[in-house]
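User: Hi! Could you walk me through a few packing details of this one?

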Amino acid sequence: MDSLGRDKGRKKPEMLCQTWIVFSDEYPEMGIPNRATANDTRSPNYNGISFSLGISLMYKVTKRIMEGKPITPAQNSSNLSASPESDQQVLQIWGRQPLKGHVKISGAKNSALVVMAGALLCPDDCHIRNVPALVDVARMGQILSAVGVKVQQNGDTLDINASNLLDAQAPYELVSQLRASFFIIGPLLARLGFAKVPLPGGCAIGARPVELHVRGLQALGAEVHIDHGTVNAYVKGPNRRLKGAKIYLDYPSVGATETLMMAATLAEGETVIENAAQEPEVVDLANFCRAMGAKIQGAGTNTIVISGVEKLHAVDYAIIPDRIEAGTFLLAGAITHSEISLSSVIPDHLTAVIAKLQTMGAKIIVESDIVRIVPGKIHTATDIETLPYPGFSTDMQAPFMALLTLSEGDSLIKETVFENRLRHVAELNRMGADIRVKGNVAVVRGVPMLSGAPVVATDLRASAALVIAGLAADGVTTISSLQHLDRGYEQLEMKLQKLGAKLRRVKEGTDPATAEAPVNPVRSSLNC
């Protein structure tokens, strides 16, 4: 009897806990902790999963079935997974190699993220093309899955179906890693009439508060309050539908403009957003929503008018090219005095970058969607002030600073968008740059040469600045904290290698001397 009782007691935990493992892996929308967080040594366990948690799982499954809610497995999207190894790897760059050739620019990260959030507005299939394979895109896919959205990836295409939103509460552990995740509050509120979204995370480049989002949602009729780091929003009334309103933004915030525009697409009546952001990504989101049946006018100007509709429909849509990636490659050509061309580009999105490069002595040739840079023999200093679009983009400030370190004369850079976006200065100075900072202003005095050194990427665009500097530096530059780089640049190393750059990603601590010597070094031909 004891033996029989012990056998039964052993098999029950095994069966329940095996079920736990399957469900936690395959059904993340149920909010079931994974194995790493489920270990409880205080009760019988199997493979690290406690019997008590197995009981809890069976209760959740039964409750969901009794409520008539579907249980859908997580989608197989192997490319939509973050890269946990990136923070244990470094990028080694052998500088002063000439570049030559052609680069195809990927889809815009900032557009892809908000368009993925916008797909929540539609109960039908959304087919989104030209989506870059990035860590941030992977995280957004995980956030959508967590609220019951089906996400499938095939190459650079995403199929998203939000017909069965299971929950309006986004998980903190995902939202805290991605600031763009806060965008989902607008679509969730519009679709369901309520939403709970933790305050977002992302690069530590400044405060970037969400007051503009909150005040705008309140103007649309939502009750909003923040408790313990989570924004709780809901709409009163029998139909739980937002109401059109006139909204003035104190600052032309891209995130606030996009959040409120999405929320207003399904609101009753007309919404007017004044002092709206004019960035190309805002226009791309508006075009995506219009393709689903939304009525939006004025995107790309400072006044956007949205006439709410009751429902949106299926769509097939392509993301615009990434203007920041395009600008980064133009700077790579400039700093190495190399002629390269870019395709799948919208030249109008690069007006400010092209103007500055021309001021510094480069020749830019534009032919339809192809942009070619023919650098001058020397670069002259220039001043930069970051501003909302169509001004000079804050995302291009750090990469441009890398070029200015090797320019003739003194350049002044004024960062007006984010208060903490000059942390890359210390890393560039480590490579031999001469940069002084006071407040939000940096004075860059051009030097004859940079030297390779171990440096740390402090944020996404700072990592691009260090890559650009490394391409022109004498010797080997080793960049760590690559998780930032992987958030925003698709296959950057491969694209640079195809242009002739010598670089490799290796495990941290790998000696650069273990690699082959750079092929055909042409130091005499590079005045950098």
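Analyst: Happy to; we can go through cavities, helix pairs and some backbone oddities.

Analyst: This is a predicted model, where local features need pLDDT of at least 70, side-chain atom pairs count only at pLDDT 80 or more, and totals for chains, interfaces and linings use all residues. Residues are numbered from 1 along each chain as its sequence is written, and side-chain values use heavy atoms, with hydrogens and water left out.

User: How many cavities of 30 Å³ or more are there?

Analyst: There are three. A cavity here is a set of points on a 1 Å grid over the protein atoms alone where a 1.4 Å probe fits but cannot get out, and lining residues have an atom within 4 Å of a point. Points are joined across faces, edges and corners, and the volume is the space filled by probe spheres set on them.

User: What lines the second largest cavity?

Analyst: Its lining consists of Thr328, Phe329, Ala332, Ala464, Val467, Ile468, Leu492 and Leu496. Two or more of the lining residues come from each of α11 (323–335), α15 (460–472) and α17 (492–499). Helices are DSSP runs of H or I with at least four residues, strands are E runs of at least two, and both are numbered from the N terminus. The volume of this second largest cavity is about 50 Å³.

User: And the lining by class, how many nonpolar, polar and charged?

Analyst: Seven are nonpolar, one is polar and none is charged. Ala, Val, Leu, Ile, Met, Phe, Trp, Tyr, Cys and Pro count as nonpolar, Asp, Glu, Lys and Arg as charged, and the others, Gly among them, as polar.

User: At what angle do α11 and α15 pack?

Analyst: The angle is about 20°, and the axes are 9 Å apart. Axes are lines fitted to C-alpha atoms, for helices over the stretch in contact, with angles from 0 to 180 degrees between N-to-C directions. That makes α11 roughly parallel to α15, a label for angles under 35 degrees. Contact means heavy atoms within 4.5 Å, and the residues making it include Ile324 and Leu331 of α11 and Arg461 and Leu471 of α15. By class, this contact has nine nonpolar, one polar and one charged residues.

User: New topic: which residues does the cis peptide bond join?

Analyst: Tyrosine 389 and proline 390, with omega about 15°. Proline 390 sits in the loop between β19 (384–385) and α13 (397–404).

User: Which non-glycine residue has a positive phi?

Analyst: Asparagine 130 has a positive phi, about 60°. Asparagine 130 is in the loop between β5 (125–129) and α5 (135–146).

Note on methods: On a 1 Å grid over the protein atoms alone, a cavity is a set of points where a 1.4 Å probe fits but cannot get out, and a pocket is an open set with protein on both sides within 12 Å along at least five of seven lines; lining residues have an atom within 4 Å of a point. Angles under 35 degrees count as roughly parallel, over 145 as roughly antiparallel, 65 to 115 as roughly perpendicular and the rest as oblique.
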